[in-house]
Amino acid sequence: MPPSPRRAWFGSWGRECTSVSPRPPDSGGKLGFATPADRPLLATAEGRGATSLKGRSRHPAYPGAYAGAMTPRDLLTPERLRGVLLDVDGTLADSNLAHARAWSAALRGEGFEKTPEDIFPLIGMGGDKLVPELTGLDAESERGQRLTDGWVRHFRELIPDLRPTPGARALIEGLRARGLRVALATSGEAEIVDALLRQIGLDDLELERVSSSDVENSKPDPDLVQAGLHTLGLPAGAALMVGDTPYDAEAARKAGVPCVLLRCGGHPGVEGHDSLYDDPQALLAALDKAFPVE
């Protein structure tokens with residue numbers, strides 16, 4: 001019997017996501033980085049849990065031709081891969097819709113009427129990007145700060161209901177079993193990330209991380225990815241970014257880091273990405289083939 005599909009809201013699309021079947025559906029102490037020239041993303045990745053999108057239009061977050069085609073073995077090969085940067089929301093935690101609901105409540109408290117469905121396509125950006133996008137306000141303004149504080153407050157109330165994505169812990173353990181360096185690179189605020197990791201049972205893994213609290217600009221700017229590379233102590237060519245939104249892909253592209261996206265976060269924009277898996281469990285299955293544990 002086929003597994004039952006899991007529904008996730010995609011903003012105005014309201015489409016259904018099946019997480020088991022690949023189908024379309026002054027800085028104040030923060031780090032700041034200059035944006036390097038954009039580099040091409042990976043060519044189509046095929047394999048278990050991955051979808052080939054050759055010949056389809058690209059998402060505007062990563063336009064243009066791809067050079068230097070990479071197969072899944074190129075992408076995950078032990079000869080290349082030394083470390084992995086993991087997004088948290090939507091990638092390791094099934095939390096994107098909760099963020100949209102929390103932002104909706106915070107905005108309503110300041111007189112802005114935005115539904116979770118309006119907000120969902122923007123989840124993956126940090127508050128420094130999301131607040132002006134939704135309201136036209138400066139995120140650092142007094143009112144912008146109140147919105148961010150409201151989001152934190154409302155999101156905390158939703159954390160007890162959140163769960164990890166399929167295979168989240170197994171993927172991290174599988175990466176470490178291969179001797180790979182692992183760090184989190186998330187647009188979430190540090191205090192929220194702490195609470196979320198405890199809720200989904202990953203806090204005991206004591207992962208190194210960078211968050212929007214550590215950098216000047218959140219995704220889709222490359223600051224988080226570049227800071228993550230510094231944390232890993234690796235060049236871009238030896239790392240992999242794993243995320244679930246076009247903003248993860250854009251940040252990785254600008255930093256020159258290969259990127260894999262997952263459908264489990266529910267973002268409709270990932271269908272334009274060439275290296276696409278359903279969830280951490282599917283990515284681990286591909287890793288088992290390309291990079292077996294000795």
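The points below describe a predicted model, beginning with its sheet and then turning to helices and single residues.

1. The sheet. Six strands form an open sheet with parallel pairing, and their order is β5-β4-β3-β6-β7-β8. The edge strands are β5, residues 208–211, and β8, residues 276–277; each of them pairs on one side only. As background, strands of a sheet pair through backbone hydrogen bonds, either parallel or antiparallel.

2. Strand β3 and its neighbours. β3 pairs with β4 in the parallel sense over four bridges. With β6, β3 likewise has parallel pairing over four bridges. Val84 is a useful residue to look up here: Val182 of β4 stands opposite Val84, and so does Leu240 of β6.

3. The two faces of β3. In a regular strand the side chains alternate between the two faces of the sheet. In β3, Gly83 and Leu85 point one way, while Val84 and Leu86 point the other way. Which of these residues are buried? All of them are.

4. The β7 and β8 end. Strand β7 covers residues 259–262 and is joined to β8 by two bridges, the two strands running parallel. Leu262 has Tyr277 of β8 opposite it.

5. Cysteines. Cys259 has 0% relative accessibility and therefore counts as buried. Cys264 is at 1% relative accessibility, so Cys264 counts as buried too. How many disulfides does the structure hold? The number is zero.

6. Helix α7 on the sheet. Residues 190–199 make up helix α7, which lies across β4 (181–186) and β5. The angle between α7 and β5 is about 135 degrees.

7. Helices α2 and α5. Two packed helices are described by the angle between their axes and the distance between the axes. For α2 (residues 96–109) and α5 (residues 142–158), the axes come within 8 Å and cross at roughly 135 degrees. Because of that angle, α2 is oblique to α5. The contact involves residues of α2 including Ala98, His99, Trp103 and Leu107, and residues of α5 including Leu147, Gly150, Trp151 and Phe155. The crossing of α2 past α5 is right-handed.

8. Helices α6 and α10. Helix α6 (residues 168–177) packs with helix α10 (residues 280–290) at an angle of about 30 degrees, and their axes are 8 Å apart. Why are they described as roughly parallel to each other? Angles under 35 degrees count as roughly parallel, so the pair qualifies. Ala168, Ala170, Leu171, Gly174 and Leu175 of α6 make the contact with Pro280, Leu283, Leu284 and Leu287 of α10. This crossing of α6 and α10 is left-handed.

9. Helix α8. Is helix α8, residues 223–232, largely enclosed or open? Eight of its ten residues are buried, so α8 is largely enclosed by the rest of the structure. The buried residues are Asp223, Leu224, Val225, Gln226, Ala227, Gly228, Leu229 and Leu232. Their cover includes strands β3, β4, β5 and β6, together with helix α9 (246–255). Just after α8 comes Gly233, with a positive phi of about 70 degrees.

10. Helix α4. The buried residues in α4 (residues 127–135) are Gly127, Lys129, Leu130, Val131, Leu134 and Thr135. What do they pack against? The buried residues of α4 pack against α2, α3 (116–119) and α5. Gly136, just after α4, takes a positive phi of about 80 degrees.

11. Ser95. This residue is in the loop between β3 and α2. Ser95 has a relative accessible area of 0% and is therefore buried. Leaving out residues up to four places away in sequence, Ser95 touches Asp89, Gly90, Phe155, Leu162 and Leu196.

12. Asp244. Where is Asp244 found? The loop between β6 and α9 holds Asp244. At 1% relative accessibility, Asp244 counts as buried, because buried means under 20%. Beyond residues up to four places away in sequence, Asp244 touches ten residues by name: Asp87, Asp89, Gly90, Thr91, Asn96, Leu261, Leu262, Gly265, His267 and Val270. Asp244 and Gly124 are 120 residues apart in sequence, and their C-alpha atoms are 8.0 Å apart in space.

Conventions. Residues are numbered from 1 along each chain as its sequence is written. Side-chain values use heavy atoms; hydrogens and water are left out. Two strands pair if DSSP finds at least two bridges between them. Contact means heavy atoms within 4.5 Å. Axes are lines fitted to C-alpha atoms, for helices over the stretch in contact, and angles run from 0 to 180 degrees between N-to-C directions. A disulfide is a pair of cysteine sulfur atoms within 2.5 Å. Buried means under 20% relative accessible area, exposed over 50%, partly exposed in between (1.4 Å probe, protein chains only). Angles under 35 degrees count as roughly parallel, over 145 as roughly antiparallel, 65 to 115 as roughly perpendicular and the rest as oblique. A crossing is left-handed if the near helix is turned anticlockwise from the far one by less than a right angle, and right-handed if clockwise.
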